Each structure stands twice: as structure tokens, then as C-alpha cells.
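Me: I have a model open and want to go through it with you. Can we start with one residue and work outwards?

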Amino acid sequence: MGNTASCCVAGSPKTRRGRSGLGVDEAYRATGELGRDDTAFNLQHISDREALDDTGAECNPSDHARVSTIFLSKSQTDVRDKRRSAHINHVLEPPLLKKSSSCSTIYLDDSTVSQPNLKHTIKCVALAIYYHIKNRDSDVRLLDIFDEKLHPLSKSEVPGDYDKHEPDHKQIYRFVRTLFNAAQLTAECAIVTLVYLERLLTYAELALSPAAWRRMVLGAILLSSKVWDDQAVWNVDYCQILRDITVEDMNELERQFLELLQFNINVPASVYAKYYFDLRSLAGANNLSFPLEPLNREKAQRLEAISRLCEDKYRDLSKVAVRRSVSADNLIGLRHTAVVLS
């Protein structure tokens with residue numbers, strides 16, 4: 001309590017470097033060389049340190065809503081190359097056939113930010129993982145806990161070129177879909193899984209590689225299912241899905257995954273919404289359209305109930321709103337006021 005400097009230093013989980021190139025510990029060490037009077041004025045408050053980290057050049061997209069997602073930036077290069085090659089070779093991409101509404105039938109997008117479509121959300125998440133693997137950095141380390149040769153997910157023999165063979169989009173989708181269908185996870189959990197994956201890659205300075213992508217995705221799904229869903233899936237339940245893996249291996253994977261995340265499992269609503277709309281942008285750029293479902297009686301009644309609630313809410317807000325001044329255009333006639341002359 002008495003030593004403020006030691007308290008602030010001990011509360012920092014990780015030494016980060018600011019714009020001056022000095023770490024937080026080095027800054028406090030340099031401050032400690034000053035006099036007692038100068039230290040009280042030059043001591044940096046913990047809130048100032050956090051504000052400095054947030055405005056740094058390298059912000060984490062899984063923590064800040066204004067920073068672009070990594071998977072979207074990695075996919076833009078391939079999308080531009082596809083469009084350029086199609087333009088050079090005069091190849092016209094087939095247009096997406098979209099259902100049009102008529103007087104008798106109205107088609108609505110079945111996926112919303114609060115209730116995403118499960119199948120197409122998993123497809124988009126698998127496509128984001130695919131671009132992570134394809135456009136990965138080659139000089140990034142590989143941890144033993146994610147190495148499939150050291151910790152295989154099945155008893156089948158791991159091929160010698162397991163770290164060279166890049167999976168395609170369908171292979172990634174089948175792996176993620178199998179886990180989600182067996183564990184009965186929601187579409188929101190898939191979005192949180194992608195958030196945890198990109199947070200792992202930035203915090204631990206890793207990359208999704210052919211030798212480690214399955215165990216990284218498994219650890220992210222394991223953690224997101226416990227954080228997001230009300231009825232979490234136990235580690236022993238995943239052992240029944242992946243029958244050749246042990247509970248001890250799952251526990252160790254979860255423990256090291258949390259440590260690499262620095263136990264930061266919070267996902268703000270703004271970050272969740274950003275990942276959802278970036279996934280929709282990724283789907284549009286790769287011709288993955290979200291399904292349009294016809295408006296039935298049940299959906300129409302639900303939309304009508306929601307609209308009534310919104311009308312009642314805004315009607316109540318309008319009653320307590322501040323009365324605005326009347327414009328001169330709304331005056332019907334001029335009023336003459338009697339003047340008393342003394």
C-alpha cells in the first residue's frame with residue numbers, strides 16, 4: 001500500500017514497449033533514479049499506461065473494434081489476384097443467383113448478428129482459417145503442444161510431409177463442422193472461436209500452419225464453448241468425439257492455450273460485431289452467399305412483435321424528450337403586444 005511504484009509494476013502482466021523504445025520496467029527504473037519529489041510527478045499511472053498501449057501502432061484486432069481483422073487482410077491479396085487473372089483471361093465469373101421477393105413471397109436473410117446461420121457461419125470461419133494457413137509467415141515458431149506429430153489426434157500414422165500439405169477449405173470445414181455438430185455448439189461460438197484464434201496468433205506470435213492448425217482450432221473451440229455457451233461441453237466429451245485423444249492431453253491443451261492468451265477471454269460486443277460483418281464481407285468476396293429464407297407466418301409474427309416493442313420504446317422516449325423550439329415558419333399569424341408608455 002505504501003509503495004505505489006512497486007504496486008503498479010507488479011500489476012503489469014507483461015512488459016510492453018512504447019513509442020520511445022523503452023519497456024515499462026525500464027521506464028520505472030529510470031524514474032526511480034530521480035529524487036523523491038520528482039518521482040511523485042513523473043510516475044506514470046496505470047490508466048495512462050493502458051491508454052498508451054491502446055493507441056500503439058500494433059493493436060490487437062481481437063481486443064479493439066477499430067482495428068481490421070487479420071483474416072480479411074490476408075484474403076484481400078488472393079481476391080485481387082483472382083479478379084486480375086479473370087480480367088486478363090477474359091473469364092467472367094458466374095453471377096450469384098439470388099432469390100427475388102414477389103407480391104406473394106418475401107425472402108429475408110436468415111442470418112443476423114444476434115442469431116447467425118450456423119452452417120454458413122462455419123463455412124466462413126473455415127475460409128478464414130484457410131487464408132490464415134495459406135498466407136502464413138514462414139519464420140514463425142511452432143509450439144510442441146500444437147504439433148500433431150507429438151500430440152496426434154488419431155492413431156493413424158502421421159505422414160512425413162504433414163507440415164507441408166496445406167488443407168483446402170472443404171477439409172477445414174469438415175473438421176470444424178464435425179466438432180460443432182457433435183458438441184451441439186451455436187454459430188456465435190464459431191465467431192468467438194475465430195476471435196480466440198487471432199488473439200492467440202498475436203499474443204503468442206504464432207501462425208496457423210499445416211502441422212498445428214487442428215490442435216489450435218480444437219483449443220479455441222474448447223475454450224469458446226466454455227465461455228460462450230450456458231451449458232459448457234466438458235473435456236471428456238471431446239474425448240468421445242475424438243476417441244484417440246486423452247483427457248490429460250485436452251486439459252494440457254486448454255491450460256497452455258489460456259496461458260498464451262494471458263487469460264484474456266473477454267470478447268466485447270463491438271469486437272464480436274466486427275468479426276461477424278467481416279465474415280460476411282469475406283463470404284461476399286468469395287461468392288459464399290448467405291441463405292435467403294421465405295417469410296412464413298411465425299417469422300412475420302415475431303417481426304411484428306419486435307416492431308411493436310420498438311415503437312413503444314421510442315414513444316416513451318419521445319414523451320421525456322426535451323421540447324424543441326418552434327420555427328418562425330410554423331407561426332400562423334403575428335401577435336401584437338400592448339405597450340405601456342409611462
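Me: Which helix is T121 in?
Reply: T121 sits in helix α6, residues 118-134. Keep in mind that this is a predicted model.

Me: Is T121 buried or exposed?
Reply: T121 is buried, because its relative accessibility is 3% and the cut-off for buried is under 20%.

Me: What is T121 in contact with, leaving aside neighbours within four places in sequence?
Reply: P116, A187, A190 and I191.

Me: I191 is in α8, I think. Which residues does α8 span, and how does α8 sit against α12?
Reply: Helix α8 covers residues 187-203 and helix α12 covers residues 269-285. Their axes come within 10 Å and cross at roughly 100 degrees. That crossing makes α8 roughly perpendicular to α12.

Me: Which residues make that contact?
Reply: From α8 the contact uses E188, I191, V192, L194, V195 and E198. From α12 it uses V271, Y272, Y275, Y276 and L279.

Me: And by class, how many are nonpolar, polar or charged?
Reply: The contact of α8 with α12 has 9 nonpolar and 2 charged residues, with no polar ones.

Me: Switching to rings. How many aromatic pairs are there?
Reply: The count is 6 aromatic pairs. One of them is F175 with W213, an edge-to-face pair. Their centres are 5.4 Å apart, with 75 degrees between the planes.

Me: Where do F175 and W213 lie?
Reply: F175 is in helix α7 (residues 169-183) and W213 is in helix α9 (residues 213-228), so the pair ties together parts 38 residues apart in sequence.

Me: Are those two buried or exposed?
Reply: F175 counts as buried at 13% relative accessibility. W213 also counts as buried, at 1%.

Me: What about W228 and Y272, how are their rings arranged?
Reply: The pair is stacked, because the planes are at 15 degrees and the cut-off for stacked is under 30 degrees. The ring centres are 5.6 Å apart. W228 is in helix α9 and Y272 in helix α12, so this pair links distant parts of the chain, 44 residues apart.

Me: How exposed is each of them?
Reply: W228 is partly exposed, at 36% relative accessibility. Y272 is buried, with a relative accessible area of 8%. Y272 is also among the α12 residues in the contact with α8.

Me: New topic, backbone. What is phi at Q184?
Reply: Phi of Q184 is near 55 degrees, a positive value in a residue other than glycine. Most residues other than glycine have a negative phi.

Me: Where is Q184, and is it buried or exposed?
Reply: Q184 is in the loop between α7 and α8. Q184 counts as exposed, at 69% relative accessibility.

Me: And N287, what is phi there?
Reply: Phi of N287 is near 60 degrees, again positive in a residue other than glycine. N287 lies in the loop between α12 and β2 (292-294). With a relative accessible area of 38%, N287 is partly exposed.

Me: Last, the whole chain. How many helices and strands?
Reply: The secondary structure comes to 13 helices and 2 strands.

Me: What share of the residues is buried, and how much area does the chain expose?
Reply: Buried residues make up 33% of the 342 residues. The chain exposes about 22,500 Å², and carbon and sulfur atoms supply 52% of that.

Me: And what share of the contacts join residues at least 24 apart?
Reply: Among contacts between residues at least 6 apart in sequence, 79% join residues at least 24 apart.

Methods. Residues are numbered from 1 along each chain as its sequence is written. This is a predicted model: local features need pLDDT of at least 70, side-chain atom pairs count only at pLDDT 80 or more; totals for chains, interfaces and linings use all residues. Side-chain values use heavy atoms; hydrogens and water are left out. Axes are lines fitted to C-alpha atoms, for helices over the stretch in contact, and angles run from 0 to 180 degrees between N-to-C directions. Helices (H or I, at least four residues) and strands (E, at least two) are DSSP runs, numbered from the N terminus. Angles under 35 degrees count as roughly parallel, over 145 as roughly antiparallel, 65 to 115 as roughly perpendicular and the rest as oblique. Contact means heavy atoms within 4.5 Å. Ala, Val, Leu, Ile, Met, Phe, Trp, Tyr, Cys and Pro count as nonpolar, Asp, Glu, Lys and Arg as charged, and the others, Gly among them, as polar. Buried means under 20% relative accessible area, exposed over 50%, partly exposed in between (1.4 Å probe, protein chains only). Accessible areas come from the Shrake-Rupley method with a 1.4 Å probe; for residues, only the protein chains shown count as cover. Rings of Phe, Tyr and Trp (its six-membered ring) pair if their centres lie within 6.5 Å; planes under 30 degrees apart count as stacked, over 60 as edge-to-face and the rest as tilted.
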